[in-house]
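Q: I would like a careful, close look at a single part of this predicted model, set in its wider context.

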Amino acid sequence: MGGKEDPTANGSPKSESMAGKKASPPDLLSSISLKSLKLKTKQQELLLRVSILGLVYVLAFIARLFSVLRYESMIHEFDPYFNYRTTLFLTEKGFYEFWNWFDSESWYPLGRIIGGTLYPGLMVTAALIYWTLRFLRFFVHIREVCVLTAPFFASNTTLVAYFFGKEIWDTGAGLVAAALIAICPGYISRSVAGSYDNEAVAIFALLLTFYLFVKAVKTGSLSWALASAFGYFYMVSAWGGYVFIINLIPLYVLVLLITARYSLRLYVAYNCMYILGMLLAMQIRFVGFQHVQSGEHMGAMGVFLLMQVFYFLDWVKHQLNDTKLFQTFLRITVTSAILVGGIALGVGTASGYISPWTGRFYSLLDPTYAKDHIPIIASVSEHQPTAWSSFMFDYHILLFLFPAGLYFCFKRLSDATIFIVMYGLTSLYFAGVMVRLILVATPAVCLISAIAVSATVKNLTSLLRTKQKVPQTGSTKGAGSSKSSSKVTLDQSQPFQKNGAIALLVGVFYLLSRYAIHCTWVTSEAYSSPSIVLAARGAHGNRIIFDDYREAYYWLRQNTPTDAKVMSWWDYGYQITAMGNRTVIVDNNTWNNTHIATVGRAMSSYEDEAYDIMRSLDVNYVLVVFGGVTGYSSDDINKFLWMVRIGGGVYPVIKEPDYLVNGEFRVDKGASPKMLNCLMYKLCYYRFGELVTEYGKPTGYDRARGVEIGNKDIKLEHLEEAYTTSNWIVRIYRVKPPTNRL
Amino acid sequence: MMNLSRSVALISLFLLPFLSSSFSVDNPTDRRVLVLLDDLSLKSSHSTFFNTLKSRGFDLDFKSADDSKLALQRYGQYLYDGLIIFAPSTERFGGSLDSKSVADFVDSGRDLILSADTSASDLIRGIATECGVDFDEDSSAMVIDHSSFSVSDGDHTLIAADDLVKSDVILGKSKIEAPVLFRGVAHSLNPTNNLVLKVLSASPSAYSANPTSKLSSPPQLTGSAISLVSVMQARNNARVVISGSLQLFSDRLFRSGAQKSGSPDKYEKSGNEQFVTELSKWVFHERGHLKAGSLVHHRVGETDEPAIYRIKDDLEFSVEILEWSGKSWEPYVADDVQVQFYMMSPYVLKTLSTDKKGLFHTSFKVPDVYGVFQFKVEYEKLGYTTLSLSKQIPVRPYRHNEYERFIPTAYPYYGACFTTMAGFFVFSFVYLYHK
């Protein structure tokens, strides 16, 4: 598979550069095609462009199919299971039932208003695709549609990237951008087949909105602005990351205002986009009045008002025709406007009408905020600050091309390049704060890098070509005309330049091919595992599959009463409801911190205390994930400190130091007594003391942590083991009813 | 579990003509009782007690406690509905019987009368401990009371006890006037067990000690902490009577006259017979046995049970509760049955009114809170079987089209909105076409 992919991936940037070369008539290849097909240069270029785009489109899709080929067509990870479940509901019950869905199977006993607490864009998109296919008499299962939604939208994103690149630079840059983004690991990580998450369509929507807005600013046309408002609406309906758009665009407008690039085009584009976008966004139940009331959206409103002030001042200036008078007027207006705005903001915040920033927003601006204040945000691995290595991993050469691209952008400043520069810089900052925001930065990085690649290649090829053409008369349009600056320098030392240019070109192609190889490798090795089915290499290099999760969930589905309540840590909530079809206490929609803290408290208490909590929540089964046998490291014992922290955040009886020894988290003999006897420890290690996991090691050797456990004699009083999967990864316990005679 | 008992009930309905003497949901009174004796002479010395049982229709099966063929169940089916263990000195039961199988017998919902006596064996003590009762550890100790003993004997170990639990359900409607004579071992209740309670307590001046030896240290059990006869009703409504005295049930004490020391009242006959008879009626479910039908609820004006309620719905709730009279089911009448509308804590708590025909009902408004609620009836009344019923029902918020479309107070805003639109239209028209 990997071998097959490479040539295609290599091919696209190469063939792109051929598109640049094709413009020269004496080329043999093109003269043949010219004769046989009777195409003009322009048509040839179009044909090439379309075919390259088509290849990139297909490439973007097939590069994301590793997981389907290697495992099966299934939904990955945690959140996608919720999305899948809701999509299933939507296709079965229709839109209105979906919109008003009150789910009594999650967050028992509180329930969750699904319709009002999700971004429906993804589900509606998948359902529309599904219904269209049904209408066309393709009787596919909704799961297949869900699995392939992300690759499909990734392909669409390449198209948008092409148009965007074309808009900010030229068609060459657009083609390179499309090719780069098609296989960029930063994007693939969230859009492989089966990764049916909001981001899958949101990146498409994000880039589309930006593209349309840039187009609107460039043309000053109401219809482009309207289109961008609709793009924004789609984005709002798809992902909470829309906040990035509604802050970046005003920031961009503000920068244009400051740099004296204010124009009527900008006025039309922004006002139309903001007002219509806002009205449309408020139609999404989850957003609703937040869009005018919450702190995150206030910037956009402020810039909107500022635009009006600017317009007004412009008009006054036009009317007055007196600089001095205007200066005084300006001063008065600006101070009073700022004063009024400040007072309004102050009153609104003080009266609670404008809600303060949410924790997630805060933690973006101050990366240490969540760690100190909100353990539930800090506990999620994808909310961690990004390591340098993951930048390298996800961007590869783009990391170095990005500054070069910035240089080119600054060299040719326009409204559009200012936008892409701002998008790139802000999103790269956010990518540094949170791992998962690498995704948002990826399109910008690809676009800017594409500018670098395209501009460099174009300069170099034009160097080569102009040298050839010196004896000939005037060059054909294409590259030659745009690169007049390079022509000037070229006149001096031609032989070195030619060789240098060839060497540089070879270097560029080498880099790009390395990039393609790297991307394919990363996709196949790192980003195509469904994480619900685990794979490991055996002693002889063979692949071992651990399908314990599904085994456990199907056991729940088949063997427990339909109204049974399952308690587990929140990570597994979505999967239990989607695959096990049982009621859960908490799930991945972490809206109620207290409820999660209650579960955390139960897990970190002694068994009899936990029993009272479980009884009060009507818990029938407890599910824990345990990696001690297989060496699977993201199990509940490794997550346990977060349970303690989150539980302790609400219930101060749970204290983190009780579970640590000298600040160290251990499970062996040296562990703290509370640790050795808390519910989570007991449930994970029950009967584990009898087991030999590794040759030459004592019984009860935990392979995930590499120690022999400290409490091998575990007796359960109020719970009994109900099921343990074949590799012990998931263990399910039944909560016994109270004793009959006591 | 529910299904099982329901199908058992169904089967027993079909087999009623053949098996009319067995215990069932519809006929909860015990019928087949195994009596274990360590000395078969007890059969005659306690014949009055056994005869009253027989006369009430019980089928008694007397076995020696060390009978090697002793078995409570065969092929997984219990052979008896009740068990009377009058074998205080037995160290080991014969056959397959042991303390665990007795506990399992109780856990299966069947009833037990256990009587210890002085020098009770560890086996009997063990069974009592399983039921939340601890006999005095000193095996030679007896209850001694120097102020409320029976005058007739002059022996301070023959207690004339009159501190009875005040419950018509357990001890019958007619008051037991005469003191109950008791000679035996003291026990105390396990303080962590809230299912067990004293029926006959010792007076404050009683203590537990060996009557033949001198008291060297203060006695462990004293005063009204001492229980003479206790009952336990398990969570599955199995009933257990534990007595510290086997003589309590004997013909001799039934017949003997009783006069409490220091009291002028002299009775021809002790209260023992009435006490034991009434207690046996309770323990074998001839009295105080309730059964509830399913919880019925629906919206006001409808009859079908909805799958989900909406907040602020008005609903009607009812439940039928019947009481077993020993022969037939009679409507239960009480004014203290309550229903909770419960989600982590009761949002609605209402006392049900009864129509005197066994139907308890009420109506209320669903609170303005969505979530998964439960109708809960938790009825725990002294002596009666515990009723613990619950039924889960989700409550949803309004649908998008259940809100008012136009709010009257917002009419000025609607007006303002439309006039602005009209004004803007007129303005544009004038601005564009007026020269």
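Over residues 32-283 of chain B, what percentages of the chain are helix and strand, and how far apart are the end C-alpha atoms?

A: Over residues 32-283 of chain B, helix makes up 21% and strand 28% of the chain, with the end C-alpha atoms 14 Å apart; here helices (H or I, at least four residues) and strands (E, at least two) are DSSP runs numbered from the N terminus. These residues are listed in UniProt, in an unreviewed entry, as "domain: OST48 N-terminal", an annotation that may be inferred rather than shown by experiment. The model is predicted, with local features needing pLDDT of at least 70 and side-chain atom pairs pLDDT 80 or more, whereas totals for chains, interfaces and linings use all residues. Residues are numbered from 1 along each chain, chains are lettered from A in the order written, and side-chain values use heavy atoms, without hydrogens or water.

Elsewhere in chain B, helix α10 spans residues 411-433 and includes B:Phe425, which counts as exposed because its relative accessibility is 60% (exposed is over 50%, buried under 20%, partly exposed in between; 1.4 Å probe, protein chains only). B:Phe425 also belongs to a nonpolar surface patch, whose members include B:Phe424, B:Val426 and B:Tyr433 and which has about 1100 Å² of accessible area together; such patches join nonpolar side chains within 5 Å, each residue having over 30% relative accessible area and no salt bridge (a Lys or Arg side-chain nitrogen within 4 Å of an Asp or Glu carboxyl oxygen), with areas from the Shrake-Rupley method.

In chain A, residues 565-623, listed by UniProt as "domain: STT3/PglB/AglB core" in an unreviewed entry, are 51% helix and 14% strand, with end C-alpha atoms 11 Å apart.

Methods
Patches are made of residues with over 30% relative accessible area and no salt bridge: like charges are joined within 9 Å, nonpolar side chains (Val, Leu, Ile, Met, Phe, Trp, Tyr) within 5 Å. Accessible areas come from the Shrake-Rupley method with a 1.4 Å probe; for residues, only the protein chains shown count as cover.
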